[in-house]
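Hello,

Here is the structure I promised to pass on to you. Please have a look at it first, and then read my notes underneath.

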Amino acid sequence: MRGETIRVRGLVQGVGFRPTVWRLARDLDLPGDVRNDGQGVVIHVWGDRGRSDALCARLIRDCPPLARIDTLERLPLTESVPGEGFHILASDPSEVRTGVVPDAATCERCCAEILDPESRRYRYPFTNCTHCGPRLSILRGIPYDRAQTSMAGFVLCPECLAEYRDPADRRFHAQPTACPRCGPRAWLEDTAGNPVALADLGARDAVEGASLLLNRGAILAVKGVGGFHLACDGTDEAVVGELRRRKRRFDKPFALMARDLEVIRRYCRVSEAEASLLQSPAAPILLLDLGGERRVAPAVAPGQGSLGFMLPYSPLHHLLLQGCERPLVMTSGNLSDEPPCIDNRDASARLRPIADYFLLHDREILNRVDDSVVRFLDGTPGFLRRARGYAPGSLALPADLAGAPPILAMGAELKSTLCLTQEGRAILSQHLGDLEEARTAAEYERTLELYRRLFQHRPQAIAVDLHPDYRSSARGRAWAAEAGLVLVGVQHHHAHIASVLAENGWALADGAVLGIALDGLGFGPDGTLWGGELLLADYRDYRRVGWLRPTPMPGGMQAVREPWRNTLAQILTGMGWERFRERYGSLGLASWLAERPLGVLSAMIERGLNAPLSSSCGRLFDGVAAALGICRERVTYEGQAAIELETLAAPALGGLSDGYPFAIVDAPGGLVLDPSPLWEGLFEDLLAGADPAWMAARFHLGLIAALAALAEGLASRHGVDQVALSGGVLQNRILFEGLVSRLRGSGFRVLTHRQVPSNDGGIALGQAAVAAARLVTGSREVIA
């Protein structure tokens, strides 16, 4: 009888793949077996070619929801004869490397069970199966089995054990599976740690009690999958305002969770593609444009034209929102700037000043995994934050980088992530946050050790940012020195461009592209702070060929927190204070600035004291926003001024064709984009009493046109026709879509981010790609 080996590689372990093979093979009457091994899944079948072909076709068509097939290879099998039937074989633990699957939203069948009074899992908030439920958040080590998760202490009851052992059951080898008889439990307590009397609330269980308290205007700390949330009624302005006061998060938008799409559509426009993403196993927070007939509380997202919505992604969430006609605020369970709580005791201490009640459970969260945040740009989803539902999913490296030795990339300082490479794939960690905060720095260290354990990673090289003060870079340099590893230093904006190349599968042999990297700040090798860069770049190296005119940042990092300092710096370096006062002294802006310590700030700029030069595009946005009266005095979160400037501009774009002018100036080494003409035009419009929204729109259009013209000139000069876009500023939809449209219209192939964030959350991938290229080619540009 004809035999065949079918080798399947990809994310095929721990996701119900073997039971799927078993079911399909039995349907097709194919004898044989299936098991996990060190490369994925290996299948042996005996039968005619037609039935083998049908098995392969159905494996691709009916692939389990959490699985991913990268390759399917078929080879003749001659050394054995078939037995009776088809069997799932035990795997050799020494050769199995079980893939680590992201946490997945509750599947339809589990949702149906928790709402079915006849089900033994009716209203059970920890229901899951092979196709859904917690993964990374409860994982301690490998191999991925129950003993290596926080479910280890919950012994399966006979009914659950029978499901776990039955290949025909969707809970076959579902490691977190449980039921009310044998699994975790939830309870409700007050801020003193006392149980809430559910009977007094008229509640059947703790989750229903929590729902009733939310309806009465309470603020709750809710323990979820990857951390705690703080929840309240998203339509109650007084309650949302009180949450802001207690949390000390004064302006940054809150995320919302709604029962279903019907509720979301009452507040926002939702396309079919957006609806599909909201309902996907990843279930991210998705930024949606306002457009429904109802409004949430204004304090939910002040100064925004969009709302961040997600659907319930755990049974606990589904039960909490059952019957709820209004969205809930579901924001991170922390004080502003701290990482979210994951531990009951820590949450009780840190969140007691914020929450009125606590909805807790005893399934331990071992690894913090924040909610992912996505925004559709140019018709496709792009990450603002990549975490739950996506991490630690891996990306294939370009084939000519796959031979590099294992690399650990340490990431950036803000929006930090880690990246491991081995066997031709890059594994990017979940979002970890800003390493300036001590708790986040500790979480970074824990995650580093976790990923090394999970993926049995032994790096031969460490990649770091060139910034001398980044904690991630200091950690990498120390590690490389202690262990005798190769240290690869990667310039910040080169890493941005390498990141977008890597996720687009750009080969090392494909050559250089023109990279446009627009962000807040990154350390430049000339000692200035970069952030508005055009680079002729491949993986190995780059050359700066264009940049935004450098402008001082008076007060250093204080200029990041106080946008008016950037407006003043543009005035002082572009036309000088006396000329500005002479021509525009009647402006309210001039009077406002005159009350600042101009003499001190001018002296700082003239002497170069705590006024570093920066070509940052983010600081240009800040300066324009402040000039128009947006966040003039201070921002309370990163990017606030630029986000509110975009919101202001969006309604005024219709029918507007021309923007403010920029100048392109020849300079040694490249072309400089000079914003001086922009400021002249903007101040003239302010004098004329123009609509601020119209001026904000003209700024966006002018910057798009200037960047496109600069790119066209540089591409012609250097003979390239591919442009790669990266950097946090390009999360601005007006700028991104306008620039992509102009560049494509000029005949360029435009590479953009789709799998990792364009902000600093993607830096680690770029660092890893640069290190891989330098190591496989023997480049001398290795030592940091």
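Below is what turned up, starting with the cores and ending with the cavities.

Please keep in mind that this is a predicted model.

The largest nonpolar core has 73 residues, and the members that touch the most others are Phe683, Phe699 and Leu725. Helix H23, which covers residues 692–718, gives the most to this core, with 14 residues. A second, separate core has 44 residues, including Cys232, Leu278, Phe309 and Phe358.

Leu725 is a good place to start looking. Leaving out residues up to four places away in sequence, Leu725 touches Val500, Ile516, Leu730, Phe736, Leu739, Val740, Leu743, Val750, Leu751, Thr752 and His753.

One of those partners, Val500, also appears among the buried residues of helix H14. This helix is mostly covered, with 12 of its 12 residues buried; among them are His492, His493, His494 and His496. Does the length of H14, residues 492–503, agree or disagree with what a helix should span? At 1.5 Å a residue, its 12 residues should span 16 Å, and the end C-alpha atoms are 17 Å apart, which agrees.

Back in helix H23, you will find Ala697. Ala697 is buried, because its relative accessible area is 0%, and the cut-off for buried is under 20%. Beyond its neighbours within four places in sequence, Ala697 is in contact with Ala649, Ala652, Leu653 and Leu656. Leu656 is 41 residues away from Ala697 along the chain, and their C-alpha atoms are separated by 8.0 Å.

Another residue to click on is Cys419, in strand S18 (residues 419–422). Cys419 also has a relative accessible area of 0%, so this residue counts as buried. Not counting residues up to four places away in sequence, Cys419 touches Ile407, Leu408, Ala409, Ala426, Ile427, Leu428, Ala764, Leu765 and Ala768. The C-alpha atoms of Cys419 and Asp362 are separated by 31 Å, with these positions 57 residues apart along the chain count.

Finally, the empty space. How many cavities of 30 Å³ or more does a search of the whole structure find? The search finds 7. The largest cavity holds about 160 Å³ of space. Its lining is made up of 20 residues, and Pro134, Val225, Ser314, Pro315 and Arg363 lie nearest its centre. By class, that lining has 9 nonpolar, 7 polar and 4 charged residues.

Enjoy exploring, and do write back with any questions.

Best wishes

Methods:
Residues are numbered from 1 along each chain as its sequence is written. This is a predicted model: local features need pLDDT of at least 70, side-chain atom pairs count only at pLDDT 80 or more; totals for chains, interfaces and linings use all residues. Side-chain values use heavy atoms; hydrogens and water are left out. A nonpolar core is a set of buried Ala, Val, Leu, Ile, Met, Phe, Trp, Tyr and Cys residues joined through side-chain atoms within 4.5 Å. Buried means under 20% relative accessible area, exposed over 50%, partly exposed in between (1.4 Å probe, protein chains only). Helices (H or I, at least four residues) and strands (E, at least two) are DSSP runs, numbered from the N terminus. Contact means heavy atoms within 4.5 Å. On a 1 Å grid over the protein atoms alone, a cavity is a set of points where a 1.4 Å probe fits but cannot get out, and a pocket is an open set with protein on both sides within 12 Å along at least five of seven lines; lining residues have an atom within 4 Å of a point. Grid points are joined across faces, edges and corners, and a volume is the space filled by probe spheres set on the points. Ala, Val, Leu, Ile, Met, Phe, Trp, Tyr, Cys and Pro count as nonpolar, Asp, Glu, Lys and Arg as charged, and the others, Gly among them, as polar. The expected span of a helix is 1.5 Å times one less than its number of residues.
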